[in-house]
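Biologist: I'm new to this one, so bear with me. Could you bring it up on screen and let me quiz you about the labels you use?

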Amino acid sequence: MKDYSNEILEMGSKAKDAARLLRTKSSSDKDAFLIELYNQLGIFKEAILEANELDVTRARESGIKESLVERLALGEKRFSEMREGLLQVASLKDPVGDVDSMWTNTSGLKIGSRRVPLGVIAMIYESRPNVTIDAAALCIKTGNSVILKGGSDALNTNIALMKAVGRAIEIKGFPEGTAQLVETTDREFTGQLLSARDQIDCVIPRGSKGLINFVANNSRIPIIETGTGNCHIFVDKGYDVKNAVEIIINAKTQRPGACNAVETVLVHSDCASKLLKSLVPSMQAAGVTLALCESSFRISHELGLELEHCREATESDWETEFLDLILAVKVVNTMEDAIEHINKYSTGHSEAILTKNYDNAQKFLDFVDSAAVYVNASTRFTDGGEFGFGAEIGISTQKLHVRGPMGLKALTTNKYIVYGSGQIRN
């Protein structure tokens, strides 16, 4: 086992020194950095895309399923979106320095709660090289320094991206430890990094269930979990079939490897025949394999539907985040049954109800306890950009200290500022 303590101490010390300076940077200075990074990404674009193509090629050669390769790939469109995200973040209000509330106590002291940076953040993530830029942008905008530990599958891309970040840091005179990339692929480094309590204030894991569990089980540093997404859509009786199928197709197939893609559809028994008649062939035509419960399989068979890409669901299907073109389908007798199923198997990410009944919509919102709960919309909207945050550092499925898409405010904490006029406590 290799000892990385010296490397971690060096990175952590640089990050801590940088954090002390970053927390005093003005909003205009931080925004100027983000604009410079936007420019540098344009300059380094060709090298970044070449490095990404190398990572994608190696991923395919290693047999990684295509939905996960898709998360790794940048391409022209995603590269452009990544750059534009920097301008969006720069345009947003900086939460640092905001006073959430202020009051005067009985002793005449004026007490306020001010937003301040968390300090040093370690971001541990897989695939998704855009996270490298999103995390750097959000952390720096909020006065935090960041240590980035990406996955081995995206290493070439991340190294190329960090050249642009490093150049922007140099041009704008920001501290050396503002944003650092861990270039080793040794998992032992991650384990040792999670013990660096003196250097790191917060760890944010983003990726597979295995990665998140590893960090949660081994970290001695406070963590914010960006959990897995076993997401559900419940189709209530009376809802328009055509619209329901369109929403489900979007939620499953637009980006099946995304954590906000739907994994299980629950169908009210009163509309099961009508919905399945359209849903089953539509999903198969879109390349989706269906895991059907006993009732939905029987109904589909009685309707004379082609079931070539269908199989009977097992217990494990209800608890699985497929991250692939696979969808579990279950018929339920009541909305209460749907809510019970969701609360049993959900990972607390995103759930939706498709309904025309106002009371049912409100009950679903009240009784389903997830980070994002939708009425008549795709779960694919759980995203920092869609929520108006410019970008996200992840989607938290825990309840402390933040939940859902994590934008700028989520990367701050508070401290109390107290003004007196010579008071002493009696």
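Modeller: Sure, and keep in mind that this is a predicted model. Let's start with K242, which has a relative accessible area of 57%.

Biologist: Why is K242 called exposed?

Modeller: Exposed means over 50% relative accessible area. K242 has 57%, so K242 is exposed.

Biologist: And what makes K242 and E246 a salt bridge?

Modeller: The rule asks for a side-chain nitrogen of Lys or Arg within 4 Å of a carboxyl oxygen of Asp or Glu. For K242 and E246 the closest N and O atoms are 2.7 Å apart, so the pair qualifies. Both residues sit in helix α10 (residues 241-253), four residues apart, or about one turn of the helix.

Biologist: Is E246 buried, partly exposed or exposed?

Modeller: E246 comes out at 42%. Buried is under 20% and exposed is over 50%, so E246 is partly exposed. Elsewhere, E10, K14 and E176 are joined into one network by salt bridges that share partners.

Biologist: How many salt bridges does that rule give?

Modeller: The count comes to 22. One of them joins R20 to D17, with the closest N and O atoms 2.7 Å apart. Those two are both in helix α1 (residues 5-22), three residues apart.

Biologist: What makes R20 and D17 partly exposed?

Modeller: R20 has 42% relative accessibility, and D17 has 45%. Partly exposed runs between the 20% and 50% cut-offs, so R20 and D17 both get that label.

Biologist: Which salt bridge links distant parts of the chain?

Modeller: That would be D94 with K30, where the closest N and O atoms are 2.7 Å apart. D94 is in the loop between α5 (75-91) and β1, while K30 is in helix α2 (residues 27-43), 64 residues apart. Both D94 and K30 are buried.

Biologist: Let's move on to the strands. Why are β1 and β16 said to stand at the edges?

Modeller: The sheet is an open one of three strands, in the order β1-β2-β16, with antiparallel pairing. β1 and β16 (412-419) each have a single partner strand, so one side of each is left without a neighbour in the sheet. From one strand to the next, the twist averages 25 degrees.

Biologist: How do you know that β1 and β2 pair?

Modeller: Pairing needs at least two bridges. Five bridges join β1 to β2 (residues 110-117), so they pair, and they run antiparallel. S101 stands opposite S113 in β2.

Biologist: What about M102, where is that?

Modeller: M102 is in strand β1 (residues 99-104). With V99 and Y419, M102 forms a nonpolar patch on the surface, about 300 Å² of accessible area together. A patch residue needs over 30% relative accessible area, and M102 has 44%, so M102 clears that cut-off.

Biologist: Which strands does β11 pair with, β8 and β9 among them?

Modeller: Five bridges join β8 (residues 262-268) to β11, and four join β9 (residues 289-292) to β11. Both pairs run parallel. K330 is the bridge partner of L266, and I326 that of T289. β11 (residues 326-332) is mostly covered, with five of its seven residues buried.

Biologist: One last label: what makes K277 exposed?

Modeller: K277 has 55% relative accessible area, which is over 50%, so the label is exposed. K277 lies in helix α11 (residues 272-285) and touches L303 and L305.

Terms used:
Residues numbered from 1 in each chain as written. Predicted model: local features only at pLDDT ≥ 70, side-chain atom pairs only at ≥ 80, totals over all residues. Heavy atoms only, no water. Patch = residues over 30% accessible without salt bridge, like charges linked within 9 Å, V, L, I, M, F, W, Y side chains within 5 Å. Areas by Shrake-Rupley, 256 points an atom, 1.4 Å probe, with all protein chains shown as cover. Buried < 20%, exposed > 50% of the residue type's maximum accessible area, 1.4 Å probe, protein only. Axes fitted to C-alpha atoms, helices over the stretch in contact; angles between N-to-C directions. Contact = heavy atoms within 4.5 Å. Lists of a residue's contacts leave out its neighbours within four places in sequence.
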